[in-house]
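Biologist: I would like a close look at a single part of this model, together with whatever is in contact with it. Please give the cut-off for each term the first time it comes up.

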Amino acid sequence: MTDTAILAPADRLAGETTRILTTRCGLRLEVVPATEHDGPALAQFFAQVSEEDRRFRFLAACSQVSRDQLDLLLHPDHFRTESFLVFEPTYGDLIASALLACDGALDTAEIAVSVREDYRAHGIGWALVDLLAQEAQRRGVRRVISIESRENRAAIELEREKGFTPYPFEGDPTLVILAKTYR
């Protein structure tokens, strides 16, 4: 278990949904909606993420994730926005974060995923993109997008393999929008 006190899935309040997510490599993970109590664990998670990964996730260079950025992840409305935390079940370590953010009309949803470097290449990103897409479809969203730095070749390739189509990001040639339409 990590040094920071976190509410591992087994310690969460009754009624909070824990999902078991199995990656294509057979790794079983526990996925839970983030709550305000997860602040220290999420801050520690993003402190362990490389500067490049933070830049790719938040599209800005930063030595640490700001309180405002964390608050957005810790206080989703659980309908238009949902923030998921992924725990390794044996030790309870937080190893990934995934966000779904729908527009007001529930027409388009943006997704964002971060996976701890030591857990990459286990299919976690793949599984989380699927989970976020399913959640968007459950809400009736027509289109799911991801805004990526053109330098983030791994995320772009993953999303293309998942059926997302790349489009230019108007006004910023360093970014690309990857989109998948459902209806």
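Modeller: What follows is about the helices, along with the strands and loops around them.

This is a predicted model, in which local features need pLDDT of at least 70 and side-chain atom pairs count only at pLDDT 80 or more, while totals for chains, interfaces and linings use all residues. Residues are numbered from 1 along each chain as its sequence is written, and side-chain values use heavy atoms, with hydrogens and water left out.

The chain has five helices and eight strands; helices (H or I, at least four residues) and strands (E, at least two) are DSSP runs numbered from the N terminus. Their order from the N terminus is β-β-α-α-α-β-β-β-α-β-α-β-β. Of the 183 residues, 48% count as buried, where buried means under 20% relative accessible area, exposed over 50% and partly exposed in between, with a 1.4 Å probe and protein chains only. Among contacts between residues at least 6 apart in sequence, 59% join residues at least 24 apart; a contact means heavy atoms within 4.5 Å.

I start with the pair α1 (residues 39-48) and α3 (residues 67-74), whose axes come within 10 Å and cross at roughly 120°. Axes here are lines fitted to C-alpha atoms, for helices over the stretch in contact, and angles run from 0 to 180 degrees between N-to-C directions. The two helices α1 and α3 are therefore oblique to each other: angles under 35 degrees count as roughly parallel, over 145 as roughly antiparallel, 65 to 115 as roughly perpendicular, and the rest as oblique. The crossing of α1 and α3 is right-handed, that is, the near helix is turned clockwise from the far one by less than a right angle, anticlockwise being left-handed. On the α1 side the contact is made by Gly-39, Leu-42, Ala-43 and Phe-46, and on the α3 side by Leu-70, Leu-73 and Leu-74. Six of these residues are nonpolar, one is polar and none is charged; Ala, Val, Leu, Ile, Met, Phe, Trp, Tyr, Cys and Pro count as nonpolar, Asp, Glu, Lys and Arg as charged, and the others, Gly among them, as polar.

Helix α2 (residues 51-58) buries Asp-53, Arg-54, Phe-56, Arg-57 and Phe-58. These buried residues pack against α1 and α3, and also against the strands β4 (94-102), β5 and β6.

After α3, in the loop that leads to β3 (81-87), comes His-78. His-78 has a positive phi of about 65° although it is not a glycine, and at 41% relative accessibility it is partly exposed. One residue in contact with His-78 is Arg-139, which sits in the loop between α4 and β6. Arg-139 is buried, at 8% relative accessibility. Besides His-78, and leaving aside neighbours within four places in sequence, Arg-139 is in contact with Phe-79, Glu-82, Leu-100, Cys-102 and Leu-106.

Ahead of α4, the loop from β5 (108-115) holds Ala-121. Ala-121 also is not a glycine and has a positive phi of about 65°, but Ala-121 is exposed, with a relative accessible area of 77%.

In strand β3, Phe-84 is buried at 2% relative accessible area. Beyond four places in sequence, the contacts of Phe-84 include Arg-19, Pro-33, Ala-96, Leu-131, Leu-132 and Glu-135. Phe-84 and Pro-33 are 51 residues apart in sequence, yet their C-alpha atoms are 4.5 Å apart. Arg-19, in strand β1 (residues 19-22), is partly exposed at 28%; among its contacts are Glu-30, Phe-84, Leu-131 and Glu-135. The C-alpha atoms of Arg-19 and Glu-30 lie 5.7 Å apart, with their positions eleven residues apart in sequence counted as separation.

Last comes α5 (residues 153-161), where Ala-155, Ile-156, Leu-158 and Glu-159 are buried. Seen down the axis of α5, these fall within an arc of 165°, so they line one face of the helix; the arc is that of the directions from the helix axis to the C-beta atoms. Elements covering that buried side include α4 (124-138), β6 (143-149) and β8 (175-181). The face turned away carries the exposed residues Arg-153 and Ala-154. After α5 comes Gly-163, with a positive phi near 95°.
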